[in-house]
Every structure is written in C-alpha cells, then in structure tokens.
Amino acid sequence: MISTQNKIPACTQPRFRTNQMVHFVGGMGKIKNYRPNSATWTYAVEMEMGREPEMGRVGFETTILLDEADIEEVIN
C-alpha cells in the first residue's frame, strides 16, 4: 500500500519559522505554522488586521496557506 502522508521535501529545512513576519503578493503576515508538502513547504500565514470594523472583531481576519515560493521575504 502506498502512503499518502506528506513527505519531507528534498530541501529538508524550511526557509521560514513560526512567528516570523513575512511579505507576499497581497500583503504581510505572521507565520503561524508550516508543514511539508510534496517538494516544498506550505505555511499558514495570519494576515495583518486592518482597521477594526464598527461591529468589532471576533478573532483574526484571515489565515491563508502559501507555498514557500509565494513568500518573498522576512520583515525585521
């Protein structure tokens, strides 16, 4: 039987780490977690919050999944 689990990518070390602020097309955000995905790493990135809406906030606005190649740089 063939395993369907994600394999560690050939480049075994992820380029980004949890809680790093990063920039990507469409915005900025913080790495919340990451996991291997085929030949790359996939990152859950919590986008920066905009202005608070009149009705208030329940939680974070958006968390997106990005492949390592979609993240441009680390913000210091």
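The following exercises, each with a worked solution, concern a predicted model of one protein chain.

**Exercise 1. Composition of the chain**

Determine how many helices and strands the protein chain holds, and in what succession the elements run.

Solution.
Step 1. The protein chain contains 0 helices and 5 strands.
Step 2. Read from the N terminus on, the succession of elements is therefore β-β-β-β-β.
Step 3. For the overall setting, buried residues account for 24% of the 76 residues. The accessible surface amounts to about 5700 Å², and carbon and sulfur atoms hold 51% of this area.
Step 4. Among contacts with a separation of 6 or more, 46% join residues that lie 24 or more positions apart.

**Exercise 2. Topology of the sheet**

Establish the order of the strands in the sheet, and explain why one side of S4 and of S5 is left without a neighbour.

Solution.
Step 1. The sheet is open, comprises 5 strands and has the order S4-S3-S2-S1-S5, with antiparallel pairing.
Step 2. S4 (63-67) and S5 (71-75) stand at the edges; each has a single partner strand, so one side of each lacks a neighbour in the sheet.
Step 3. On average, neighbouring strands of this sheet are turned by 45 degrees against each other, direction ignored.
Step 4. In general, the strands of a sheet pair through backbone hydrogen bonds, in either a parallel or an antiparallel manner.

**Exercise 3. Strand pairs and their register**

For the pairs S1 with S5, S2 with S3, and S3 with S4, state how many bridges there are, and identify the bridge partners of Lys30 and Thr42.

Solution.
Step 1. S1 (residues 21-24) is paired with S5 over 4 bridges in the antiparallel sense. Within S5, Ile71 stands opposite Phe24.
Step 2. S2 (residues 27-37) is paired with S3 over 8 bridges, again in the antiparallel sense. Lys30 has Glu46 in S3 as its bridge partner.
Step 3. The connection between S2 and S3 is a hairpin with 2 residues between the strands, and Ser38 in the turn has a positive phi of about 60 degrees.
Step 4. S3 and S4 are antiparallel and share 5 bridges. Thr42 has Asp67 in S4 as its bridge partner.

**Exercise 4. The nonpolar core**

Identify the residues of the largest nonpolar core and the element that gives the most to it.

Solution.
Step 1. The core has 9 residues: Phe16, Val22, Phe24, Ile31, Trp41, Tyr43, Val45, Leu66 and Ile71.
Step 2. The elements that supply two or more of these residues are S1 and S3 (40-47).
Step 3. S3 gives the most, with 3 residues.
Step 4. Of the 8 residues of S3, 7 are buried, so this strand is largely enclosed by the rest of the structure.
Step 5. Ile71 provides a detailed example. Leaving aside neighbours within four places in sequence, Ile71 is in contact with Arg15, Phe16, Val22, His23, Phe24, Ile31, Tyr43, Val45 and Leu66.

**Exercise 5. The surroundings of Gly29**

Decide whether Gly29 is buried or exposed, and list the residues it touches.

Solution.
Step 1. Gly29 is located in S2.
Step 2. Its relative accessibility is 0%; because buried means under 20%, Gly29 counts as buried.
Step 3. Residues up to four places away in sequence being excluded, Gly29 touches Gln20, Met21, Val22, Phe24, Val45, Glu46, Met47 and Glu48.
Step 4. Thr63 is 34 residues apart from Gly29 along the chain, and the C-alpha atoms of the two are separated by 8.7 Å.

**Exercise 6. Aromatic rings**

Classify the geometry of the ring pairs that Tyr34 forms with Trp41 and with Tyr43, and name the cluster to which these residues belong.

Solution.
Step 1. The structure contains 3 aromatic pairs. One of them is Tyr34 with Trp41, at 5.8 Å centre to centre and 75 degrees between the planes, an edge-to-face arrangement.
Step 2. The ring centres of Tyr34 and Tyr43 are 5.6 Å apart and the planes stand at 40 degrees, so this pair is tilted.
Step 3. Tyr34 is partly exposed at 27% relative accessibility, whereas Trp41 is buried with a relative accessible area of 6%. Tyr43, at 0% relative accessibility, is likewise buried.
Step 4. Phe16, Tyr34, Trp41 and Tyr43 together form one aromatic cluster.

Technical notes
Residues are numbered from 1 along each chain as its sequence is written. This is a predicted model: local features need pLDDT of at least 70, side-chain atom pairs count only at pLDDT 80 or more; totals for chains, interfaces and linings use all residues. Side-chain values use heavy atoms; hydrogens and water are left out. Two strands pair if DSSP finds at least two bridges between them. Axes are lines fitted to C-alpha atoms, for helices over the stretch in contact, and angles run from 0 to 180 degrees between N-to-C directions. A nonpolar core is a set of buried Ala, Val, Leu, Ile, Met, Phe, Trp, Tyr and Cys residues joined through side-chain atoms within 4.5 Å. Buried means under 20% relative accessible area, exposed over 50%, partly exposed in between (1.4 Å probe, protein chains only). Contact means heavy atoms within 4.5 Å. Accessible areas come from the Shrake-Rupley method with a 1.4 Å probe; for residues, only the protein chains shown count as cover. Rings of Phe, Tyr and Trp (its six-membered ring) pair if their centres lie within 6.5 Å; planes under 30 degrees apart count as stacked, over 60 as edge-to-face and the rest as tilted.
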